[in-house]
Amino acid sequence: MLTIMENVKGKRYKELIDLLSRNCNIFAFVENRQLMEIEDERLAYIDILIAPIEEHLIERKIQQEWETTKLLEDTAYVFYFALNNITRQFLKERSKSLFDWISPKLPEDLMFYKDGKCLLASCSHEGFFLVEENIWNSFLLKKRGR
């Protein structure tokens, strides 16, 4: 996996989501419990946020670690969704960049998987993401091909 220290924004963000949706079948995001002032209220907010894609929710797990983060004592909710045309559109409409996925407006740390293997994982608050080299090269080639 490559480490990229760049916020993919605007049209390029939408193109990246499109590329990932062609190569992945699941996406996830994180709600870190240590950042929640009132957990029930925050989870109610997330329920409203994800209402348009709720039927595509695969599971919500409590985890101490995910691709870009390992919490020592606290836990976070990780929401896993099927990645399809509806959820792809949701991702493109809710944010204008990869690093806009950060509290309080949105959950954080988008991750994309193909059959259980992570192909991209962002760490919004640290300003980097990990990406499979083939995916990044495809994205860069598309950019150059214009």
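Student: Over how many bridges do strand β1 (residues 2-4) and β9 pair?

Tutor: This is a predicted model, in which local features need pLDDT of at least 70 and side-chain atom pairs pLDDT 80 or more, while totals for chains, interfaces and linings use all residues. Residues are numbered from 1 along each chain as its sequence is written, and side-chain values use heavy atoms, leaving out hydrogens and water. Strands are DSSP runs of E, at least two residues, and helices are runs of H or I, at least four, both numbered from the N terminus; two strands pair if DSSP finds at least two bridges between them. β1 and β9 run antiparallel, and the number of bridges is three.

Student: Which residue of β9 is the bridge partner of Ile-4, and is it buried or exposed?

Tutor: Buried means under 20% relative accessible area and exposed over 50%, with partly exposed in between (1.4 Å probe, protein chains only). Phe-129 and Val-131 point one way from β9 (residues 128-131), Phe-128 and Leu-130 the other, and all are buried. The partner of Ile-4 is therefore a buried residue, Phe-129.

Student: Which residue in the turn between β8 and β9 has a positive phi?

Tutor: β8 (residues 117-123) runs antiparallel to β9, joined to it by four bridges, with Cys-123 opposite Phe-128. The two strands form a hairpin with four residues between them, and the phi of about 75 degrees belongs to Gly-127.

Student: Why is Cys-118 in no disulfide with Cys-24, and how far apart are the sulfurs?

Tutor: A disulfide is a pair of cysteine sulfur atoms within 2.5 Å, and the whole structure has zero. Cys-24 is buried at 5% relative accessible area, and Cys-118 at 9%. Their sulfurs are too far apart for a bond, at 7.9 Å.
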